[in-house]
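The following note is offered to a colleague who is meeting this structure for the first time. The points are numbered for ease of reference.

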Amino acid sequence: MKKIFKAVLIIIGVIVFIGYFYGGGLESHAEIEINKIEVQVAEDAIKQYEIAKRNGSDVDAYTQASYVAAAFLQANDEANYKKWKEIEKEEAKKIGL
């Protein structure tokens, strides 16, 4: 009886694993993780911009603002992309672009 119960549990486990793997669970999980990474990249770019703004030249700030905008573009975050393109334009004015 214990062997049958154990075999049934193993079969159920295999079915659940296969269902998750082939049913889109793995792809969904991967997409969520990629999204997290893209958001983290954008957040890191903002921190770098702030450092450049405080300690670097106007060219440094402009360059970093461009990187932030690019990070939001990569993350498909249109609202923040537009926001950072405006910041980039403001920084560009400071260096005569």
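**Glu91 and its surroundings**

1. Glu91 has a relative accessible area of 2% and therefore counts as buried, the limit for that class being under 20%. Please note from the outset that the model under review is predicted. The points below begin with this residue and then widen to the chain as a whole.

2. Which residue pairs with Glu91 at 2.8 Å? The partner is Lys53, and the 2.8 Å separates the closest N and O atoms of this salt bridge. The bridge links distant parts of the chain, for Glu91 belongs to helix α4 (residues 78–94) and Lys53 to helix α2, with their positions 38 residues apart in sequence. Lys53 is partly exposed, at 38% relative accessibility, whereas Glu91 is buried.

3. Glu91 also forms a salt bridge with Lys94, with an N to O distance of 3.7 Å. Both residues of this pair lie in helix α4, where three residues, or about one turn of the helix, set them apart. Lys94 has a relative accessible area of 45% and is partly exposed. Through shared partners, the salt bridges unite Lys53, Glu91 and Lys94 in one network.

4. A further salt bridge joins the side chains of Lys36 and Glu33, at 3.4 Å from N to O. These two residues are three apart in helix α2 (residues 25–55), so about one helical turn separates them. Glu33 is partly exposed, with 31% relative accessibility. As background, side chains that carry opposite charges can pair when their charged atoms come close. The count of salt bridges comes to six.

5. Where does the largest nonpolar core draw its residues from? Helices α2, α3 (58–74) and α4 are the elements that each give two or more residues to this core. The core has eleven residues, including Ala42, Tyr49, Val68, Phe72, Trp84 and Ile87. Helix α3 provides the largest share, with six residues.

6. Ala65 is one of the residues of that core. Residues up to four places away in sequence being set aside, Ala65 touches Tyr49, Trp84, Ile87, Glu88 and Glu91. Among these contacts, Tyr49, Trp84 and Ile87 are also listed in the core. The contact with Glu91 leads back to the buried residue of the opening point.

7. Ala92 deserves a separate remark. This residue lies in helix α4 and counts as buried, at 9% relative accessibility. Once neighbours within four places in sequence are left aside, Ala92 is in contact with Tyr62 and Leu97. Between Ala92 and Ser66 the C-alpha to C-alpha distance is 9.6 Å, although 26 residues separate them in sequence.

8. Finally, the chain as a whole may be considered. How many helices and strands does the chain contain? There are four helices and zero strands, and the order from the N terminus is α-α-α-α. The chain has 97 residues, of which 21% count as buried. Its accessible surface comes to about 7,500 Å², and carbon and sulfur atoms account for 63% of that area. Of the contacts between residues at least 6 apart in sequence, 46% join residues at least 24 apart. The bridge between Glu91 and Lys53, whose residues are 38 apart, is a link between distant parts of the chain.

Technical notes
Residues are numbered from 1 along each chain as its sequence is written. This is a predicted model: local features need pLDDT of at least 70, side-chain atom pairs count only at pLDDT 80 or more; totals for chains, interfaces and linings use all residues. Side-chain values use heavy atoms; hydrogens and water are left out. Buried means under 20% relative accessible area, exposed over 50%, partly exposed in between (1.4 Å probe, protein chains only). Contact means heavy atoms within 4.5 Å. Accessible areas come from the Shrake-Rupley method with a 1.4 Å probe; for residues, only the protein chains shown count as cover. A salt bridge is a side-chain nitrogen of Lys or Arg within 4 Å of a carboxyl oxygen of Asp or Glu. A nonpolar core is a set of buried Ala, Val, Leu, Ile, Met, Phe, Trp, Tyr and Cys residues joined through side-chain atoms within 4.5 Å.
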